[in-house]
Amino acid sequence: MMYRGDEEPGTRETLPKETGVTAKGSPGPASRREGATQPVVETAIACPINETLILVLGSGAPMNGPQPLLLNGDPALPGKAPIVSWPLVDAKGRASHGFVALVFTGPLKGERLNAVTFRGQGRSVTYRLLPDLMRPAALAGALGDLAGPGMPAVVDAIIGMLSAGPMSRRKLAAMTAFVEAGAKADGFIEIIGAFEDGDVYLQGWSQEMSAGVSRVLIAGGTPQIAECTAAAFDRQDLNNNGKGFAALLVAPEPIDPFGMQRVYVRSRDGWRYADVYEQRLLASPRDTPGYARAILPKLRGSAEVIGRLREAAYRYEGLDTVSALALPVRMAIDHALRIEQGGLLISGWLLDPDHRVEAIKLRRRQASVDLKPIWSRIDRPDVTRAFDGKAPFLSQLDPDRHSHGFVAFIPDFDPDGSAPIYIEFAIPHAPPAYLPVVPKRVSYREAVTRQLKSISARATSVSELVERHLIPLVASAATKPAGVEGVEHVGTLVSGGADTTLVIGLDDQTTDVTTLVALMALDPQIRVAPIILAGPEQAIGELRGEIRRLAEFYGLSIDLVAVSAFSDVFDALIVGADVAKTDRVVLFSAALVPAECGWLGRLRSAHQEHDASVIISPALIYEDDSIRWAGYRLSDEESGLAENYVGYPAATLDSIGPSATPAANLECCILSKAAIAALGQDGHGYLGNREKGLDLALRLAKAGLKAWWLPGVRVLGAEAPQDGVNAWEVHARSVDRAVFTARWAETIHAMVHSEAA
């Protein structure tokens, strides 16, 4: 039966009739003819629990356990319902027992449940449901009159029925109503302590609460079922009328300590409850372990119970307790870096020469990871020198063993950054020790740069560090889509007939942009074209005045575009192209320089000869007149994609005509503005521009854009900084190659086989 949320059951405590009724016009059971075979029809009360569960209260013959039934008497809607029945206190007629059945009404698909037919024990009895619905609290009150001394057992059975299957707030509210109907007051809760993991520490007094592990029901703003681990202790102020208790409550969902009003506990003679004292003390996660430790010596209970409460008493309190250990164990964090999507890169050192620490876990609310199996160790001779012979390391440290450092990347560990992070030491025969970790939010590029620069780039452990931690870090990074922070026009206005916009992209490394703009202004074809200068907001702000003077002097039309969420020059080019008002755009990295006048017009003419599904790039030439880029070719070598003629003299291109290439060069190319939309909003993380540009070019190719390169059009490209011999840059390039290969190896392999076929 589907009861809408706005269909409130009535509160009338209507009880089942003792005599049966039949459909209109049919005789009742007392006037049935002898030998009639029509089924018995009784009445019952419906109490909705949620959209698909109904408690049915009725009376009749004894029934217990699961019973087969028909919904609305329809043979096509069979089911089975758990039932509890009990002898009626004041039985009359043939109804000797009362019963409650939990009926699942999902098969009705929204139709109302009007009748239930039970078909167990060789007979069939139909119960028509009264139109007045009953609330759980009213039904619980009716059970008190019908069950009498058997009420606790009936309530236990109903709670067992409702506990099965998925839990919901409405289910829990109904369970609370049934428990509350027969529960007796039994003490008060005086201290409520919240833990970071969402469980709760309670302390108070009771008359009947017994030590052990049990399930309890929490009533309040958010009703919950929790596992309760409780121990008792003596309270002289109670004059032998009760005893103190300390308890730990753990639930599937975090418990709200502020909303708790009452805790129901099943005792030997039924349900009892302890109210939250009006002047109760509410302790924070930092203070709660202290209250638990203070009472720990007085507690009585089993070893399991005392052990659980002892663990709670020595939880994390936000303090560094490692530095105060009398044992020769010390640890420090050099940096903890939180990456955009919640991954954590942590680096530091652990000095434990006697191997006293059994386990080291990185923890946050309801999450932990064992560091030892996943970290990589690195040599830290400085740690050996700093502690050798100093307390508590009075014995000399091994002069040949310096692998005290560690690095670990833990993906998706801190998704929201809302919970404290700390390291927990498990030390046999001693309470745990803790070290706070305070992550700093950084970009994935900054995280990798800091990590590589913090150790010797030629250390033997670097290759393992790159393979196990930095490559997964970059591979899991997803860049935020760049956007337009602001647009400002300087210079003249171009005529409405322009069909191609030159987009110049800057990055943080760009220098001498004004010289590049002045050089381009010498080309008559560029002076009449709309120009977009796009880059990080700070760079655009610093250039604004000088670019305005150049635009006015040369008669240029320039839009200055400040890019938000900027990562690299390709973000500037893509966002700048999106601002263009023409259907065709030329992308040009500010790290390049035109080799001659007329290059823009030649690219435009070549693009006009094709349709909009083409992207065309010129050749890139080094300053020493050697080839830097002249298209790609598919090959079984070099991961399937090889560059043509790199390092050859530029004269090699004189006899070569325009050629197709598997991917264009987005540093300088011409394409339709609409084609750029194929890149979408999702970005892939890379440390440098080389693989990032190739990744974008392959995404365009995968979207159906055909790539060409023109040997006759040449642009100068100086040697990029990452092409140098800086050791950490070499490792960064190896990270990018590994990440690119993992993302595109299958696609490139398919392209190679397709061309071979």
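**Entry 1: cores**

I began with the nonpolar cores, and the largest of them has 111 residues. I558, W599 and L671 are the residues with the most contacts inside this core. Helix α15 (residues 727-756) gives the core its largest share, eight residues. I note that the model I am reading is predicted.

I then listed what I558 touches, leaving out residues up to four places away in sequence. The list is E488, H489, V490, V517, I531, L533, I547 and A551. Another core, of 38 residues, lies apart from the largest one. V100, A138, A140 and A147 are among its members. As background, I wrote down that nonpolar side chains tend to be buried together in soluble globular proteins.

**Entry 2: the barrel**

I traced a closed barrel of seven strands in the order β9-β10-β13-β12-β11-β14-β15. Its pairing is mixed. On average, neighbouring strands of this sheet are turned by 35 degrees against each other, direction ignored.

Within the barrel I checked β10 against strand β13 (residues 243-250), and found that seven bridges join them. The two strands run antiparallel. W205 has G244 as its bridge partner in β13.

Next I looked at the helices on the barrel. Helix α2 (residues 151-163) lies across β11 (212-220), β12 (224-233), β14 (260-267) and β15 (270-283). This helix, α2, runs at about 70 degrees to β15. Helix α4 (residues 288-295) lies across β9, β10, β12, β13 and β15, and runs at about 40 degrees to β10.

**Entry 3: rings**

I counted aromatic pairs and got 16 for the structure. I picked F188 and W205, whose ring centres are 6.1 Å apart. Is this pair stacked, tilted or edge-to-face? The planes stand at 50 degrees, so I entered the pair as tilted. F188 belongs to strand β9 (residues 184-194) and W205 to strand β10 (residues 200-206), so the pair ties together parts that are 17 residues apart in sequence. F188 has a relative accessible area of 34%, so I recorded this residue as partly exposed.

I also looked for charges over ring faces. R262 lies over the face of Y273, 3.8 Å from the ring centre. R315 lies over the face of F195, 4.2 Å from the ring centre.

**Entry 4: strand β3 and its partners**

I turned to strand β3 (residues 67-71), where four of the five residues are buried. The strand is thus entered as mostly covered. β3 is joined to strand β4 (residues 78-81) by four bridges, and the two run antiparallel. L69 is paired with G79 in β4. I looked at the connection as well: β3 and β4 form a hairpin with six residues between them. In the turn, N72 has a positive phi of about 55 degrees.

β3 is also joined to strand β7 (residues 115-118), by three bridges and again running antiparallel. Which residue in β7 stands opposite L69? I found F118 there. F118 turned up a second time in my ring list, in one aromatic cluster with F99 and Y127.

**Entry 5: the open sheet**

I followed five strands that form an open sheet in the order β20-β21-β17-β16-β24, with mixed pairing. The edges are β20 (376-378) and β24 (440-441). Each edge strand has a single partner strand, so one side of each is left without a neighbour in the sheet. Strand β16 (residues 330-338) is joined to β24 by two bridges, and the two run parallel. K440 in β24 is the bridge partner of L337.

Helix α7 (residues 444-453) packs on the sheet and touches β16, β17 (344-351), β21 (405-410) and β24. The direction of α7 makes about 145 degrees with that of β16. Helix α8 (residues 462-476) lies across β17, β20 and β21, and runs at about 30 degrees to β21.

**Entry 6: A313**

I placed A313 in helix α5 (residues 303-313). Is A313 buried or exposed? Its relative accessibility is 0%, so A313 counts as buried. Leaving aside neighbours within four places in sequence, I found A313 in contact with P289, A292, R293 and L296. I also took a distance from A313 to E446, which is 133 residues apart from A313 along the chain. Their C-alpha atoms are separated by 39 Å.

Definitions and conventions:
Residues are numbered from 1 along each chain as its sequence is written. This is a predicted model: local features need pLDDT of at least 70, side-chain atom pairs count only at pLDDT 80 or more; totals for chains, interfaces and linings use all residues. Side-chain values use heavy atoms; hydrogens and water are left out. Rings of Phe, Tyr and Trp (its six-membered ring) pair if their centres lie within 6.5 Å; planes under 30 degrees apart count as stacked, over 60 as edge-to-face and the rest as tilted. Buried means under 20% relative accessible area, exposed over 50%, partly exposed in between (1.4 Å probe, protein chains only). A charge sits over a ring if NZ of Lys or CZ of Arg is within 6 Å of the ring centre and within 35 degrees of the ring normal. A nonpolar core is a set of buried Ala, Val, Leu, Ile, Met, Phe, Trp, Tyr and Cys residues joined through side-chain atoms within 4.5 Å. Contact means heavy atoms within 4.5 Å. Two strands pair if DSSP finds at least two bridges between them. Axes are lines fitted to C-alpha atoms, for helices over the stretch in contact, and angles run from 0 to 180 degrees between N-to-C directions.
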